[in-house]
Amino acid sequence: MKPIASPILYHVYVRSFFDSNGDGVGDLDGVREKLDYFVWLGVDGILLSPIFESPLSDFGYDITNLRCLNGEYGDIETFTRLVKEARARNLLVFLDFVANHTSSKHPWFLESSSGNNTPKADWYVWAPARKDGTPPNNWLTIFGESAWRWHPTRGEYYLHNTLSNQPDLNYRNTEVVRQLTGNVRFWLDLDIDGLRFDSVNLFLHDDKLRSNPSRHLGWQDEARADPYRYQSQRYNISRPENIHLLKQLRVIADSYNERKWLLGSLSDPSPYAVIDRYTSEGDALDAANVFESLSMCHNFQQVGEQLNAFFNAVHPGMGCWSTGNHDIARTVSRWQDAKNQPESAKLLLTMLCSLQGVISIYQGEELGLPEANVPPAARKDFFGQQVIANYVGRDGCRTPLPWSQTHAHLGFSDHTPWLPAAQEHAPLAIDAQMANTDSALHFTHALLKWRKNQPALVEGSCRVLAFNDSLMVLERHHESQTLIIALNGSAQDATIRLNLPNTAATIDVPHMNNVSAEANGVLNLKPWQAWAGELNR
């Protein structure tokens, strides 16, 4: 396959994509049956959510075997057939790879926790209690709880940077590293194009288990809702030696004849400095993203601040960008003034596809799906089942993809789905939008086709020229083309004075041709409208 400088991936939440066998759960054969949908849409490939063997207490992020698949989704033969048919259509295949921790039900952990004299005793991070019985240090999880859990059988604490049923592996143990490199080779040998490593900055911890220092007082107001912010995460995450493990993975990836992408996802108080260390030399990751970046934004002021921080820190500026994922409320329900309108979905997709790097479109964003209202009795997410400050959990962005407006369960399955199909999504179903050329779906198809014809968008550098809550102006530069892209992310008319060094020839953005041309440096944008201009050289 021809190398792609800045691929657009469709992030498939497999469990909710399409059920091929009528058991109410999406599966790999369901993805395979819909490969032509991705081809028509115009994406370069697919990123599959975790599909590995798992008890599913966290729906796939708690893994019991990284070389086996969860039986509900299929088996290795099913997976290899999917990859073969995807590649026949020139579609890339990426896996969301969870390697920092395992499930507490993993055979390795069961052996490790049984005593400190077993062969796998040191495969996880264990430490004795302090003299008063408390955990070995003050490290916290991202949820604000102690990162240590007592295990009565072993009589020690184990480290878990996320949930307590997801113990962290000890990558200071060479056997554990050997398992990781073997698992990476196993999947790359199956002809996939890349891996996205979850929590990529958590692989290694301080070997002395030193407590984190407190952060300066300016953070205390934020820490009222998030005690994690009281600490400076110096010793528990983003350790300098982490890069050496990533370099080993790069050597493996580079040993193949075709390009193999290594992507990462991380969370850190200074995330973009970490991404720069992991990507800038070309000997570790290709690109990485931060969970808290665009997927947490709800206006252009926040987006602009994130992009500027990224481009100031990361060289050469290759990031992984998405506005939504399976952990956050859907974009059109989160964005200020969007009110779930299809026009806002189009504008936000335009913004996303105007950025430099690996672009990830989360399942349903091409339809402009709003956050679904899942009744409490039907919720499956662990967090949604708790009463935590009225938080309803993550089920609202994970409901089944609506394929048919009139069919039972919106065409996702012939059986009652694992999560209820959201009836408010019926008018936005794929068949309904296919029949409407003004729909968000047709817009996405046209936008991606348009993007591929702009060298500056596919291979050019990116910088932010201006932004406020509602407006943003981007520059994409390539040796053969310089584009200026102006975006109105609000429900009001807007006027932008561009102050460009040369005149710019308007380039029609699909479905947004009613934007007035730039005249005397002034641009008038209607609500949820974008404009693109090519600078005269």
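Which residue stands opposite Val93 in β5? In this predicted model, the residue opposite Val93 is Ile46. Strand β2 (residues 45–48) runs parallel to β5 and is joined to it by 4 bridges. Strand β5 is likewise joined to β9 by 4 bridges, again with parallel strands, and here Phe94 of β5 stands opposite Gly194 in β9. Strand β5 spans residues 92–97, and 6 of its 6 residues are buried. Leu92, Phe94 and Asp96 point one way from the strand, whereas Val93, Leu95 and Phe97 point the other way; residues of both sets are buried.

The chain is divided into domain 1 (8–100 + 174–208 + 235–452), domain 2 (107–159) and domain 3 (460–535). The centres of domain 1 and domain 3, taken over C-alpha atoms, are separated by 29 Å. Contact between these two domains involves 30 residues of domain 1 and 28 residues of domain 3.

Helix α7 comprises 12 residues, 242–253. At 1.5 Å a residue the helix should span 16 Å, and the distance of 17 Å between its end C-alpha atoms agrees with this. Its buried residues are Asn242, Ile243, Leu245, Leu246, Leu249, Arg250, Ile252 and Ala253. These residues cover an arc of only 165° around the axis, which means that they lie on the same side of α7. In an α-helix there are 3.6 residues a turn, so residues three or four places apart point the same way. The elements that cover the buried residues of α7 include α5 (174–188), β9 (194–197), β10 (261–266) and α8 (271–279).

Helix α8 is largely enclosed by the rest of the structure, because 7 of its 9 residues are buried. The buried residues are Pro271, Tyr272, Val274, Ile275, Asp276, Tyr278 and Thr279. Their cover includes α7, β10, β11 (287–290) and α9 (300–313).

An open sheet of 5 strands has the order β14-β15-β16-β20-β18, and its pairing is antiparallel. Strands β14 (461–467) and β18 (504–507) form the edges, each pairing on one side only. From one strand to the next, the twist averages 25°. Within this sheet, β15 (residues 471–478) and β16 (residues 481–488) run antiparallel and are joined by 8 bridges. Val473 stands opposite Ala486 in β16. Helix α11 (residues 342–353) lies across β16 and β20 (530–535), and runs at about 150° to β16.

Several loop residues were also examined. Val509 is found in the loop between β18 and β19 (522–525). With a relative accessibility of 4%, Val509 counts as buried, because the cut-off for burial is under 20%. Leaving aside residues up to four places away in sequence, Val509 touches Trp450, Ala530, Trp531 and Ala532. The C-alpha atoms of Val509 and Gln363 are separated by 23 Å, with the two positions 146 residues apart along the chain counted as their separation. Thr64 is located in the loop between β3 (52–53) and β4 (65–69). This residue also counts as buried, at 11% relative accessibility. Its contacts, not counting residues up to four places away in sequence, are with Glu53, Ser54, Pro55, Ser103, Lys105, His106 and Pro107.

The backbone was considered at three further loop positions. Most residues other than glycine have a negative phi, and most peptide bonds are trans. Trp528, which is not a glycine, has a positive phi of about 55°. Trp528 lies in the loop between β19 and β20, and is buried with a relative accessible area of 2%. Leu209, not a glycine either, has a positive phi of about 55°; its place is in the loop between β9 and α6 (220–223). The peptide bond from His315 to Pro316 is cis, with omega near 10°. Pro316 is in the loop between α9 and β12 (319–321).

Technical notes. Residues numbered from 1 in each chain as written. Predicted model: local features only at pLDDT ≥ 70, side-chain atom pairs only at ≥ 80, totals over all residues. Heavy atoms only, no water. Helix = DSSP H or I, 4+ residues; strand = E, 2+ residues; numbered from the N terminus. Expected span 1.5 Å × (residues − 1). Buried < 20%, exposed > 50% of the residue type's maximum accessible area, 1.4 Å probe, protein only. Arc of directions from axis to C-beta. Contact = heavy atoms within 4.5 Å. Pairing = 2+ DSSP bridges. Axes fitted to C-alpha atoms, helices over the stretch in contact; angles between N-to-C directions. Domains from an automatic or database assignment.
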